[in-house]
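Visitor: I would like to go through this model slowly, with the terms made plain before we reach the details. Please begin with how the strands are defined.

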Amino acid sequence: MALHVSLVGRTDLSGEIYRQIRQAILDRRLRPGERLPPTRELATALSVSRSTVTVAYESLLAEGFATSHTGSGTFVSHHLETKRPASKTRRSTVRAIQVRGVWETIPLPTGFNRAARFDFRTGLPDASLFPHRAWRRVVAGALRSREMAAGVYENTAGNWDLRAAIARHIGISRSVSGSPDDVIVTNGTQQALDIIARVLLEPGDVVAVEQPGYLPPKQLFKALGARVIGVPVDSEGLVVEALPAEARLVYVTPSHQYPLGVAMSLSRRRALLAWAERHNAVVVEDDYDSEFRFGGRPLEPLQTIDTTGRVVYVGTFSKTLLPTLRLGFMVVPRSLRETANKAKHVTDWHTATIAQSALAQFIDEGAFARHIRRVSRTYGERHEMLTAAIKRNFCDCLDLIPSSTGLHIAAYARRASIDHIDAIASRAFDLGVAIHPFRVGEEPQGIMLGYGAIETARIAEGLRRLRRCFDEHMSRRLKVA
Ligand SMILES: Cc1ncc(COP(=O)(O)O)c(C=O)c1O
């Protein structure tokens, strides 16, 4: 890599070259053993004479920062203590730039920092089931694609073949109506929501979200200056009568409410669409994990039932494939299409081409549908095991919420406060079991158990350990009482 040395406005050129290279060594920008540029090359790059650079290098050699090997060049010394010195300037400038106050209220995510042997965290598919061989093949194909050869920016909405493949796939699997022109490929759900919010919301506009609900969208809307209002959820999904009349946008997870896992009833779906029409609001339907179904009849998506063009349907490949791919999409009503494309353009122009072409081929040749069928069998088995075990072994402390979709189940812990649940989750983690608690604000609250990431063979032992945590906690409470 070219070494940056700035001599603009300097007089002692050799001294300056020496000082800047020394600093780069101390900061570890130049690492031990790394070769310094040949004197002739650096002299040309800096428009100085070769002897100016040679003098600087001699100082570095004399002070032990560099060593030279005749015929092969000058190298950063190996034996240097190059720990970054505590820099006064850096510390004193931490607060030099003021950011908007809202960011004080939004933490960095930590939920995925620590893995556990018994991993019941939600939101994760089983990475060991990912079809690596098939994926490698389609990525290799994508590297040879027309788009890669052309090397120019692509359409903001994404690769045409992928949009056509997505429109076909969701048309069949979810009865979502839309042509490839209505599809915009995004970097996951989160970017789709960002784009929708950017094109619709003025600062101070009200966004209604489910309470309890999925946190990242709530944080996103808040960060964009919206007023976010939580709306309760019951066994039929979002309580439509509780929606604030001024909501401009309603964000919902109707197929598998996050975190509770309930499906929004048909009457609620109709009521929500009627409400949106009356209040001139937009409904964002996050259909994140409904490809996995283990019983019952699927309800039609809001987007399918809607007749007024107010629903944006958002899908993701984070659960069906991997969250690290950062691939998702949205199906936008005609009236939003152009603006949403402009927003995608100013955000990041378009999603990475290789991944898009690879996925297009993967879907087109049927590998995606086969993969979903295969992993659904595994997830179905895990769903059944977990459901049965919670009903059987935790009936005194957990009320399972019926659910037959997705990659997690949830249960209310009606007799425990959220502090108790947090304490149980923390003790469980010490025993190698990761669970995510959920909170409603006031009681009741409970836990979610994801079965995407945990190996089937580990479920029973993971639940035994979790049971121990509940027992310990309950006996401690009895003693205190
Ligand atoms: C409700 C919900 N929506 C969407 C997602 C996926 O988000 P993304 O597509 O940005 O990875 C998740 C992941 O856990 C989720 O829980």
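Guide: Two strands pair if DSSP finds at least two bridges between them, and helices (H or I, at least four residues) and strands (E, at least two) are DSSP runs numbered from the N terminus. This is a predicted model, in which local features need pLDDT of at least 70 and side-chain atom pairs pLDDT 80 or more, while totals for chains, interfaces and linings use all residues. Residues are numbered from 1 along each chain, and side-chain values use heavy atoms, without hydrogens or water.

Visitor: In what order do the strands of the eight-stranded open sheet stand?

Guide: The pairing in this sheet is mixed, and strands E4 (183-186) and E7 (237-238) are its edges, each pairing on one side only. Read across, the order is E4-E11-E10-E9-E8-E5-E6-E7.

Visitor: Which residue in E10 stands opposite Asp 286?

Guide: Strand E9 (residues 282-286) runs parallel to strand E10 (residues 311-316), and four bridges join them. Asp 286 is the last residue of the range given for E9, and the residue opposite Asp 286 in E10 is Val 314.

Visitor: Which residues come nearest to the ligand?

Guide: The shell around the ligand holds 14 residues, where a residue counts as near if one of its heavy atoms lies within 4 Å. Helix H8 (residues 188-200) gives the most to this shell, with three residues. Those that come nearest are Thr 189, Asp 286, Thr 316, Ser 318 and Lys 319.

Visitor: How much of the ligand's exposed area does the protein bury?

Guide: Polar contacts (pairs of N or O atoms within 3.5 Å) include one between a ligand nitrogen and the side chain of Asp 286 at 2.6 Å. Ligand oxygen atoms also lie 2.6 Å from a polar side-chain atom of Thr 316 and 2.8 Å from one of Arg 326. Taken alone, the ligand exposes 400 Å² (Shrake-Rupley method, 1.4 Å probe), and the share of this area that the protein buries is 92%.

Visitor: Which proline follows Tyr 258 through a cis peptide bond?

Guide: A cis bond also links Gln 211 to Pro 212, with omega near 5°, and Pro 212 is found in the loop between strand E5 (206-211) and helix H9 (215-223). After Tyr 258, the cis bond has omega of about 15°, and its proline is found in the loop between strand E8 (247-252) and helix H10 (266-279). That residue is Pro 259.

Visitor: What is the phi of Asn 280?

Guide: Asn 280 lies in the loop between H10 and E9. Although Asn 280 is not a glycine, its phi is positive, at about 55°.

Visitor: Why is one side of E12 and of E15 left without a neighbour in the sheet, and which residue in E16 stands opposite Pro 437?

Guide: Four strands form an antiparallel open sheet in the order E12-E13-E16-E15. Strands E12 (399-400) and E15 (436-438) stand at the edges with a single partner strand each, so one side of each has no neighbour in the sheet. Three bridges join E15 to the antiparallel strand E16 (residues 446-450), and the residue opposite Pro 437 is Ile 447.

Terms used
Polar contact = N/O pair within 3.5 Å; in protein donor to acceptor, adjacent residues only side chain to side chain.
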